[in-house]
Amino acid sequence: LRTDPIKRINGLRAYGDTLYVLSELGVSLFSLSGMEFRGTYGMFGAGNTIGGTAEDLLAFHQRLWVATRGGIASTPLSNSNPADPGSWQVYTTNQGLPSATVYRLAIAGDSLFAGTDQGLAVFDGLRWDTISATLGYSILDMQSSNSSGNPVDRLSFITSTGKYDYINGAVSAETIPVPSGVGLQRIATQNVLATQENGLLVLRN
């Protein structure tokens with residue numbers, strides 16, 4: 001294997017027979033049945049085009065959503081020619097995002113959330129609304145969890161130094177024992193967090 005930062009893989013998402021490979025180049029499609037790549041999409045939008053590093057991808061309300069370091073791009077799942085940049089709708093700070101650098105997407109309840117390097121935003125169907133209590137937070141990862149019999153989802157997110165919950169429109173900080181100098185990086189489960197360089201942090205009740 002050859003290490004190449006230009007081709008670093010940031011994430012993998014599988015929907016049906018297609019594996020979406022998120023990298024510094026954009027979004028590459030890999031056929032699981034054919035075991036072959038079927039194209040890479042690196043530019044999104046007509047006119048106000050964004051492109052480059054793809055960080056996350058989700059299917060929501062019959063559309064495909066891609067988080068990049070230039071904004072968010074969306075296209076119908078039925079799009080027969082996603083290689084056409086004009087077939088993608090793009091969202092940046094002009095459409096309400098607190099920042100165009102978007103690291104994560106998550107679904108909680110019937111809402112789509114975006115975690116950026118300047119805060120959390122929720123999609124209202126046309127635009128993104130920034131959750132003011134999170135302004136300035138660099139959100140590295142997010143995870144939603146359903147409570148049995150409860151229609152309200154909890155959206156948990158982390159910065160490098162803390163874990164937070166978003167429930168019913170309110171943000172609360174969760175007290176966790178993060179040692180000095182240890183930066184959080186990913187949420188594995190509600191009780192297991194991955195750090196940047198120091199292994200796993202397990203939260204015990």
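## Walking through an all-strand chain

Let's start inside the chain, at strand β2: this strand is mostly covered, with five of its six residues buried. Keep in mind as you look around that this is a predicted model. We'll use β2 as the way in, then step back to the chain as a whole, and then turn to the charged pairs.

What does β2 pair with? On one side there is β1, joined to β2 by six bridges, with the two strands running antiparallel. To find your place in that pairing, pick L12: its bridge partner in β2 is V21. The two strands form a hairpin with two residues between them, and in this hairpin G16 takes a positive phi near 60°.

Now follow the chain onward from β2. Strand β2 covers residues 18-23 and strand β3 covers residues 26-31; six bridges join them, and they too run antiparallel. β2 and β3 form a hairpin as well, with two residues between them. Two bridge pairs help to trace this one: S23 is partnered by G26 in β3, while T18 has S31 as its bridge partner in β3.

Put these pieces together and you get an open sheet of four strands, in the order β1-β2-β3-β4, with antiparallel pairing. Which strands sit at the edges? Those are β1 (9-15) and β4 (36-41), each of which pairs on one side only. Across the sheet, neighbouring strands are turned by 20° against each other on average, if you ignore direction.

Further along the chain there is another open sheet of four strands, this one in the order β7-β8-β9-β10 and again with antiparallel pairing. Its edge strands are β7 and β10 (89-91), each pairing on one side only. Here, too, the average turn between neighbouring strands is 20°, direction ignored. For a closer look, go to β9 and β10, which pair in the antiparallel sense over three bridges. In that pairing, A73 stands opposite V90 in β10.

Time to step back. How many helices and strands does the chain have? It has zero helices and 21 strands. Of its 205 residues, 45% are buried. Among the contacts with a separation of 6 or more, 37% are between residues 24 or more positions apart. The accessible surface of the chain comes to about 10400 Å², and carbon and sulfur atoms account for 49% of that.

Next, the charges. The count of salt bridges comes to six, and three of them are worth a visit here. One of the six pairs R69 with E55, with the closest N and O atoms 2.6 Å apart. R69 is in the loop between β8 (63-68) and β9 (71-76), while E55 is in strand β7 (residues 54-60), so this pair links distant parts of the chain, 14 residues apart. Are the two partners buried or exposed? With 41% relative accessibility, R69 counts as partly exposed, whereas E55 has a relative accessible area of 6% and is buried.

Another salt bridge joins R104 and D141, whose closest N and O atoms are 3.2 Å apart. R104 belongs to strand β11 (residues 102-108) and D141 to strand β15 (residues 141-147), so the pair ties together parts that are 37 residues apart in sequence. R104 counts as buried because its relative accessibility is 6%, under the 20% cut-off. D141 counts as buried too, at 7% relative accessibility.

The last pair on this tour is D165 and R154, whose side chains meet in a salt bridge at 3.8 Å, N to O. D165 is in strand β17 (residues 163-167) and R154 in strand β16 (residues 150-158), so the parts tied together here are 11 residues apart in sequence. D165 is buried, with a relative accessible area of 8%, but R154 is partly exposed at 26%.

Finally, how confident is the predictor in all this? The chain averages a pLDDT of 85, and 81% of the residues score at least 70. One stretch to treat separately is residues 147-151, where pLDDT stays under 50 and the model has zero contacts beyond four places in sequence.

Note on methods
Residues numbered from 1 in each chain as written. Predicted model: local features only at pLDDT ≥ 70, side-chain atom pairs only at ≥ 80, totals over all residues. Heavy atoms only, no water. Pairing = 2+ DSSP bridges. Axes fitted to C-alpha atoms, helices over the stretch in contact; angles between N-to-C directions. Salt bridge = Lys/Arg side-chain N within 4 Å of Asp/Glu carboxyl O. Buried < 20%, exposed > 50% of the residue type's maximum accessible area, 1.4 Å probe, protein only. Contact = heavy atoms within 4.5 Å. Areas by Shrake-Rupley, 256 points an atom, 1.4 Å probe, with all protein chains shown as cover. pLDDT = per-residue confidence, 0-100.
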